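Me: I am beginning my study of protein structure and would be grateful for a close look at one part of this model. Please explain each term as it is used.
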Number of protein chains: 2
Amino acid sequence: MTKDAAARAWQELSALLRERALLESLTSVLSWDEETTMPAAGAAHRAEQQALLAGLIHERDAAPRVADLIDALDGDASDERQAATLRVVRKRLARAIAVPRRLTEELARATIFAQEAWRAAREGGDFALFAPALETVVGLKREEAAAADPGRTAWEVALDEHEPGLSESALAALLGPLEAELGRLVSDGIGRARPEAAGLLARPVDEAVQAAFALEVARAIGFDESRGRLDCAAAHPSTIAIGPRDVRMTIRAEPGDNTAALFCTLHEMGHWLYDVQLPADLWGDPAGEAMSAGLHESQGRLFEAIVGRSRPFWIWCLPRLRRAYGGFGDVSLEGMLAALRRVELGPVRVGADEVSYNLHVAVRCRLEVALLSGALPVADLPAAWNAAYERSLGLRPADDLQGCLQDGHWAAGLFGYFASYALGNLAAAQLYEAALAAEPDLEAAIERGDFGPLRAWLGVHVHAHGSTRGLFERLRAAAGADLSVGPLVRSLEARYGAGG
Amino acid sequence: MTKDAAARAWQELSALLRERALLESLTSVLSWDEETTMPAAGAAHRAEQQALLAGLIHERDAAPRVADLIDALDGDASDERQAATLRVVRKRLARAIAVPRRLTEELARATIFAQEAWRAAREGGDFALFAPALETVVGLKREEAAAADPGRTAWEVALDEHEPGLSESALAALLGPLEAELGRLVSDGIGRARPEAAGLLARPVDEAVQAAFALEVARAIGFDESRGRLDCAAAHPSTIAIGPRDVRMTIRAEPGDNTAALFCTLHEMGHWLYDVQLPADLWGDPAGEAMSAGLHESQGRLFEAIVGRSRPFWIWCLPRLRRAYGGFGDVSLEGMLAALRRVELGPVRVGADEVSYNLHVAVRCRLEVALLSGALPVADLPAAWNAAYERSLGLRPADDLQGCLQDGHWAAGLFGYFASYALGNLAAAQLYEAALAAEPDLEAAIERGDFGPLRAWLGVHVHAHGSTRGLFERLRAAAGADLSVGPLVRSLEARYGAGG
């Protein structure tokens, strides 16, 4: 191929990728609408809209023209960006050829109905209202995985959607030691003896006041309202990127926890910064989009868990919280940190302390493997869930709302996603260590409410790269070491341990 | 063609139409999002999303397979529904062949940017911020019309998008006499001498209280929250149908007008009922969708202007308003009706009294004709607008906010749409007369807050028919007479005249 012909082929491929990404971004608008706005009776029509988009995306992934282009460009990639493009497009093509369009459309429909059923089951407190729809989704995910790659387990195939290239064994090599370390910390009683903290976070603060304060903090971290939204709604907190300059967050305030809105916001701001700091000029190109869910979650957890429970952050934040909330004049920095660093095992993942959080993740991973392998029938999920909690955390949920109905991920077809939270926690600790080593004044800046150095470091070492590399390679490049359990354990010991 | 082959062809055509309608409904989700949620910086990406959808719809309209199917089915239509399908599909095909996809996509983009520019111009009170974007839209609309039908004026082609089949001359034959009659009523001073009304509608009522009362009235009329939304937002009031069971309204409360939210709601409820009473099983088929913008507007105006300013409605509504607002105990039924039936010429169309409303429409129609013919350069619009108001209503807007920046229609590419408001006013009066003649107890029911008979009559005579017929034919079928000026003038004289 001549140089000109190659340039034309790259250009054509880029335009096709852009169109595909636009279709994806339409599904994001629909998801945002479902989370925030859509009336219940709209679900049936929404299922058809999502199925059509899924079908149109499938059609583009499987297009013979795409196959011709990547054949022609084979070996022509001259940089990381082009190499990533060929890798991603090849993978999508293979998958789209293997998984029939009909199945993709059915899954899009089934997950809309399953999410409705999950909401109804939560309202009615009755798992039976959710079970048939979940069964449909599990069946379709099994069928999809068998079509996509019959040589791998269904769970590993699902995992690959969120963490490209990650094998079950590579994940187990991290989660196994992590669970063991966390078990040790828990039995050592880390973060337990903090009686002075009781009640502080439960002091009533009006939800609107919480939301306004969360917005103030978001702005300090870098939130720019012209490029996004921060809505305090009843829904599950989330960040949805509609386009490169339109990234929206929902957060939740809770009457019984006066820092709930703040911590949601810190988490979603991590995601927000990642999405708005992706290279906008490469939008639609793999080099312009986030690939690894674990890396995305690492950004949320870095702000929520690590920065948000650090001394420098609270040196800056506490006087502002006192001003915003009123009546917190008696709360000392030490008291606040103690309250936020309490370890208390409970049945709910969201809002769990940092030490036990990954134990929840491990439970879900094991249950997912069993569901997708067929070993665990959906009907037996509630009992299996409760038994797994008994074993891992030594407690039984009071009911299914506190148990297997707490998360909507499976209803949405998100199997393999929970692992990304654990990977995100590990990566967050490791990235923060690396950032501190590279920028010794980073925490001094945070004490002054200046998040610029942290934002810049993450921008350069994480955000700017899109998905040119996977999570493991990116970590190696950014932190100079393989992803490992050490940094998170060190961070937990330093902050939750005696004298933390 | 055998019977079986024909049945298969109809089925295939139906499936293609459904897919096209799903794409259209995606543009509706985007429009809803733009009206209610999208941050300013999201416009550039939104323009790309809308352009993609416009292109995909164009591709379906021009598909050779569609041409083959309608050729094969020519003469095979066995009922009104199938005849309408062939008529509509044939028209779309011809238009898509004539108007290049590129132009359709450019218009989709340009209207998003023009709407942003219009908003900026309103904020800055500066027409110059809007003029370049409007010029682009006008140029593209002219180009589009010339491609679509070089034998007709650009304005008539634009008109046809909203009122299929309507010619400029047929419209003039209605608007000319209407303007003359309204001019006569205005110079007779109809509805002027109502001093007792002054101040009543300006009594301060909290916007949230107004919105809550509007919702109460909407529910009485038939609003069902599981199938839609009623959001009180700062945006322009509108009704957007996302799907057959998901129809959403935005309304606006105004501090200086305590019935603003109520009247928006009455208007949007007319649209809402139309959309939810369309035959849902025919969704995607022309027989299942509204076609004439005039007929749609007639439903809004019927509830807002005619029912909403009628004695029976206020016999039911006033005690409820007193309860909801508090402090209106001194307001009599006669006082309220007098306040609502005041004629007072002003520069703004929205909220204009019923008598002068159509004078505003006539001004816009004349300006549109001049803009699209090229006779009026965009730069001269503000001066032309003010001169036209001077001539028709005898007043000059204080500034462009009260003048040519007041409506966003042209920014959205909606030329020819204003005529639909006038047609809607005429049709509303005529339909209400017909409904009263057919259902003599209809107003007695409204006095009791029972809107069932009106809803049912409109359902049977208007909503159930989708777009099997155009506005004029539908009116003839529903009201037993050609659309004419008489019923509206009679209605205005009865309600706004002495003793009304």
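Which residues form one aromatic cluster with Tyr357(A)?

Reply: The cluster joins Tyr357(A) with Trp385(A), Tyr389(A), Trp410(A), Phe415(A), Tyr417(A), Phe418(A) and Tyr421(A). The model is predicted, and local features need pLDDT of at least 70, side-chain atom pairs count only at pLDDT 80 or more, while totals for chains, interfaces and linings use all residues. Residues are numbered from 1 along each chain as its sequence is written, chains are lettered from A and ligands numbered from 1 in the order in which they are written, and side-chain values use heavy atoms, with hydrogens and water left out.

Beyond this cluster, the whole structure, over all chains, holds 30 aromatic pairs. A pair consists of two rings of Phe, Tyr or Trp (its six-membered ring) with centres within 6.5 Å; planes under 30 degrees apart count as stacked, over 60 as edge-to-face and the rest as tilted. Trp316(A) and Phe451(A) have ring centres 5.5 Å apart and planes at 80°, so this pair is edge-to-face. Because Trp316(A) lies in helix α12 (residues 311-325) of chain A and Phe451(A) in the loop between α17 (442-447) and α18 (452-461) of chain A, the pair ties together parts that are 135 residues apart in sequence. Helices here are DSSP runs of H or I with at least four residues, and strands are runs of E with at least two, numbered from the N terminus. Trp316(A) and Phe451(A) are buried, a word for residues under 20% relative accessible area, with exposed over 50% and partly exposed in between (1.4 Å probe, protein chains only).

In chain B, the rings of Trp316(B) and Phe451(B) have centres 5.5 Å apart and planes at 80°, so they too are edge-to-face. Distant parts of the chain are linked by this pair: Trp316(B) belongs to helix α12 (residues 311-325) of chain B, and Phe451(B) to the loop between α17 (442-447) and α18 (452-461) of chain B, 135 residues apart. Trp316(B) and Phe451(B) are both buried.

A residue of another kind offers a further example of burial. Asp61(B), in helix α2 (residues 43-61) of chain B, counts as buried because its relative accessibility is 12%. Leaving aside neighbours within four places in sequence, Asp61(B) is in contact (heavy atoms within 4.5 Å) with Arg20(B), Arg92(B), Leu93(B) and Ala96(B). Asp61(B) and Arg20(B) are 41 residues apart in sequence, yet their C-alpha atoms are 8.1 Å apart in space.
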